[in-house]
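Colleague: Got a minute to go through this model with me? I'd like to ask a few things while we both have it open.

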Amino acid sequence: MDAIEISHLYMNIRTHISGSKLALSFAQTSQREKIQNWMLKGTEISEKHAQIFGKALLENHIRLPVPHDIEISDLTTSIFSATSYVSNEFFERSRNR
C-alpha cells in the first residue's frame with residue numbers, strides 16, 4: 001500500500017466518522033420520523049464504510065486515524081428545517097463520490 005492509498009483511506013475514515021456524527025445529530029433533532037430514519041440509515045452506512053477502510057489499514061499494519069472529539073449533546077429541539085437536513089446529507093454524499 002503506497003502513501004497515496006493510505007492518505008485516501010485516512011481521509012475517507014475521518015469523513016465518514018464526521019458524517020456519521022452529523023447524521024446522528026440531525027436524526028436526534030428532526031421532528032419528522034421519515035427524516036430520522038433516513039439519517040439513522042446514513043449513520044449506519046457511514047460507520048460501515050469507516051470500518052471497511054479501517055480494516056484495510058489494519059491488514060497492512062497501519063494505525064487508524066484518531067477521530068476528532070465530536071460529541072453530540074442531548075438536545076432534541078430542532079434548529080434546522082427538514083430541507084436543511086436532506087440538503088446537507090445529499091451534499092456530503094455527493095462530495096464523497
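What follows is a short back-and-forth on the fold, the helices and a few single residues.

Colleague: What pattern does the protein follow along the sequence?

Modeller: Bear in mind that this is a predicted model. The secondary structure comes to three helices and zero strands. Read along the sequence, then, the pattern is α-α-α.

Colleague: Which element has the lowest mean pLDDT?

Modeller: Overall, the mean pLDDT is 82, and 68% of the residues reach 70 or more. Among the elements, H2 comes out highest, with a mean of 93. The lowest mean, 63, belongs to residues 82-95, helix H3.

Colleague: How many Å does H1 reach from its first C-alpha to its last?

Modeller: H1 covers residues 3-29, so count 27 residues at 1.5 Å a residue, taking one less than the number of residues for the expected span. That expected value is 39 Å, and the helix comes close to it. From first C-alpha to last, H1 reaches 39 Å.

Colleague: And which residue caps the N-terminal end of H1?

Modeller: Look at the segment before H1, where Asp 2 is found. Asp 2 counts as partly exposed, because its relative accessibility is 41% and the buried class stops under 20% while exposed starts over 50%. One of its side-chain oxygens lies 3.2 Å from the backbone nitrogen of Ile 4. So the contact falls within the 3.5 Å cut-off for a polar contact, and the cap is Asp 2.

Colleague: Are H1 and H2 roughly parallel or roughly antiparallel?

Modeller: H2 spans residues 33-59. The axes of H1 and H2 come within 8 Å and cross at roughly 160°. Since anything over 145 degrees counts as roughly antiparallel, H1 is roughly antiparallel to H2. As for the hand of that crossing, it's left-handed, and the answer to your question is roughly antiparallel.

Colleague: What percentage of the residues in the protein is buried?

Modeller: H1 has buried residues including Leu 9, Ile 13, His 16, Gly 19, Ala 23 and Phe 26. In H2, the buried ones include Ile 35, Met 39, Gly 42, Ser 46, Ala 50 and Leu 57. Taken over the 97 residues in the protein, the buried share is 26%.

Colleague: How many Å separate the C-alpha atoms of Ile 52 and Ile 13?

Modeller: Ile 52 lies in helix H2, while Ile 13 is one of the buried residues in H1. Ile 52 itself is partly exposed, because its relative accessible area of 45% sits between the 20% and 50% limits. The two are 39 residues apart along the chain, and their C-alpha atoms are separated by 8.9 Å.

Colleague: What about Gln 36 and Phe 26: how far apart are they in space, C-alpha to C-alpha?

Modeller: Gln 36 is found in helix H2, and Phe 26 is among the buried residues of H1. Gln 36 has a relative accessible area of 24%, so it's partly exposed rather than buried, which would need under 20%. They are ten residues apart in sequence, and the gap in space is 7.3 Å.

Colleague: Which backbone oxygen lies 2.8 Å from a polar atom of the side chain of Asn 60?

Modeller: Asn 60 lies in the loop between H2 and H3. At 36% relative accessibility, Asn 60 counts as partly exposed. Across the chain, its C-alpha is 9.8 Å from that of Ile 6, which is 54 residues away in sequence. The backbone oxygen you're after, at 2.8 Å, is that of Ala 56.

Colleague: One last thing: what phi does His 61 take?

Modeller: His 61 comes just after H2, in the loop between H2 and H3. With a relative accessible area of 76%, His 61 is exposed, because the limit is 50%. Most residues other than glycine have a negative phi. His 61 isn't a glycine, yet its phi is positive, at about 60°.

Note on methods. Residues are numbered from 1 along each chain as its sequence is written. This is a predicted model: local features need pLDDT of at least 70, side-chain atom pairs count only at pLDDT 80 or more; totals for chains, interfaces and linings use all residues. Side-chain values use heavy atoms; hydrogens and water are left out. Helices (H or I, at least four residues) and strands (E, at least two) are DSSP runs, numbered from the N terminus. Buried means under 20% relative accessible area, exposed over 50%, partly exposed in between (1.4 Å probe, protein chains only). A polar contact is a pair of N or O atoms within 3.5 Å; within protein, one must be able to donate a hydrogen and the other to accept it, and residues adjacent in sequence count only if both atoms are side-chain atoms. pLDDT is the predictor's confidence in each residue, from 0 to 100. Axes are lines fitted to C-alpha atoms, for helices over the stretch in contact, and angles run from 0 to 180 degrees between N-to-C directions. Angles under 35 degrees count as roughly parallel, over 145 as roughly antiparallel, 65 to 115 as roughly perpendicular and the rest as oblique. A crossing is left-handed if the near helix is turned anticlockwise from the far one by less than a right angle, and right-handed if clockwise.
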